[in-house]
Amino acid sequence: MNTRIKKFLSYYRPYLRLFAALMACAFLAAALTLIFPLLVRYITKNILEGGSPEMLKQIYTAGALMLALAAAQTACGYFVDYHGHAMGAMMERDMRRELFDHFQKLSFRFYDGQKTGQLMSRITHDLLSLAELYHHGPEDYMIYSVKFIGAFVILSQINLQLTLTVFLFLPILAVFGLYFNKKMNIALKRNKERMGDINAQVEDTLAGIRVVKSFANEDIEKAKFANENNRFLESRKAGYQAEAVLYQGVGAITQLIT
């Protein structure tokens, strides 16, 4: 296994029990989502069209079951949302402690070639993004895999030809999503670099504020900061543009499927 992958997975080791519980709840929540349309279909097709004398009783029974399933889905969603983010925060703490300890071991030569603001951005903003990945990554894979496979099985039982016709759109959706997701990732990486530049500029200015005021260089520092601020703005706008194209394009293809 790749060394980076091993390192990535190692942060799950202290929280394996919690991680297993999160995956189980994510699986259950996704499975329950698939059951609700089946119950509605059962009520409309089997109960209402059947004309049974006990129709009202059957509707109440199905409704009570749906309420119970909704309560279970809500409980699972709460557990995944709260404890998943808590697990991500704990892993972020572990990574931040490890990175800080690593900073203590680096040589003076390393710090001579680095900006303090950039290093601060690594230990704060970048680790926050990693923590979100640790939490949402496996959870989203579990939920969408269950929904995808479950939906295919259910729909194929209803009408196989129509199901295959719908799923033929998925390769188009996948190619579109992968292409524009790559462009969005490039824009997001540039955003992080620009944020690091802003942190570095602020750190340099504030660390030498006495010198700046002594030589009346406030306007020069303002110009430097304005330049970094505008670069960050442009990178953010590029990121938002890529995000808008990706999400709106996926939405348009989804409408075409319908």
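Mentor: Before we start, contact here means heavy atoms within 4.5 Å. Keep in mind that this is a predicted model.

Trainee: Okay, so which residues is tyrosine 15 in contact with, leaving aside its neighbours within four places in sequence?

Mentor: Met87, Met90, Met91, Arg93 and Asp94. Tyrosine 15 also belongs to the largest nonpolar core, which has 12 residues in all, including Met87, Met91, Leu119 and Tyr134. Helices α3 (55-105) and α5 are the elements that give two or more residues to this core.

Trainee: What else is there in the way of cores, and which residues does the second one include?

Mentor: The second core is separate and has 9 residues, among them Cys25, Leu34, Ile143 and Val146.

Trainee: Cys25 makes me think of sulfur. How do you know that cysteine 25 has no bond to cysteine 76?

Mentor: Look at the distance. A disulfide needs the sulfur atoms within 2.5 Å. The closest cysteine sulfur to that of cysteine 25 is in cysteine 76, and at 4.4 Å it is too far for a bond. Searching the whole structure gives 0 disulfides.

Trainee: And why is cysteine 25 called buried?

Mentor: Buried means under 20% relative accessible area. Cysteine 25 comes out at 17%, so it counts as buried. Cysteine 76, at 7%, is buried too.

Trainee: On to the rings. How many aromatic pairs are there in the whole structure?

Mentor: The search finds 11 aromatic pairs.

Trainee: Take phenylalanine 152 and phenylalanine 167. What makes that pair edge-to-face?

Mentor: The angle decides: planes over 60 degrees apart count as edge-to-face. For phenylalanine 152 and phenylalanine 167 the planes are at 85° and the centres 4.9 Å apart, so edge-to-face it is. Phenylalanine 152 sits in helix α5 (residues 116-158) and phenylalanine 167 in helix α6 (residues 160-167), so the pair ties together parts 15 residues apart in sequence.

Trainee: Are those two buried or partly exposed?

Mentor: One of each. Phenylalanine 152 has 29% relative accessibility and counts as partly exposed, while phenylalanine 167 has 17% and is buried. Tyrosine 179 and phenylalanine 180 are another edge-to-face pair, with centres 4.9 Å apart and planes at 90°.

Trainee: Now the charges. How do you know that glutamate 92 forms a salt bridge with arginine 96?

Mentor: The cut-off is a side-chain nitrogen within 4 Å of a carboxyl oxygen. In this pair the closest N and O atoms are 2.6 Å apart, and glutamate 92 and arginine 96 do form a salt bridge. The structure holds 10 salt bridges.

Trainee: What separates glutamate 92 and arginine 96 along helix α3?

Mentor: About one helical turn, because they are 4 residues apart in that helix. Glutamate 92 is buried at 12%, whereas arginine 96 is partly exposed at 28%.

Trainee: What about arginine 97 and aspartate 94: what is their N to O distance?

Mentor: It is 3.3 Å, and their side chains meet in a salt bridge. Both lie in helix α3, 3 residues apart. Aspartate 94, with 10%, is buried; arginine 97, with 46%, is partly exposed.

Trainee: Last one: which residue does glutamate 228 form a salt bridge with?

Mentor: Arginine 231, with the closest N and O atoms 3.3 Å apart. Those two are 3 residues apart in helix α9 (residues 218-257), about one helical turn. Glutamate 228 counts as buried at 13%, and arginine 231 as partly exposed at 32%. Shared partners join Arg194, Asp197, Glu228 and Arg231 into one salt-bridge network.

Notes:
Residues are numbered from 1 along each chain as its sequence is written. This is a predicted model: local features need pLDDT of at least 70, side-chain atom pairs count only at pLDDT 80 or more; totals for chains, interfaces and linings use all residues. Side-chain values use heavy atoms; hydrogens and water are left out. Buried means under 20% relative accessible area, exposed over 50%, partly exposed in between (1.4 Å probe, protein chains only). Rings of Phe, Tyr and Trp (its six-membered ring) pair if their centres lie within 6.5 Å; planes under 30 degrees apart count as stacked, over 60 as edge-to-face and the rest as tilted. A nonpolar core is a set of buried Ala, Val, Leu, Ile, Met, Phe, Trp, Tyr and Cys residues joined through side-chain atoms within 4.5 Å.
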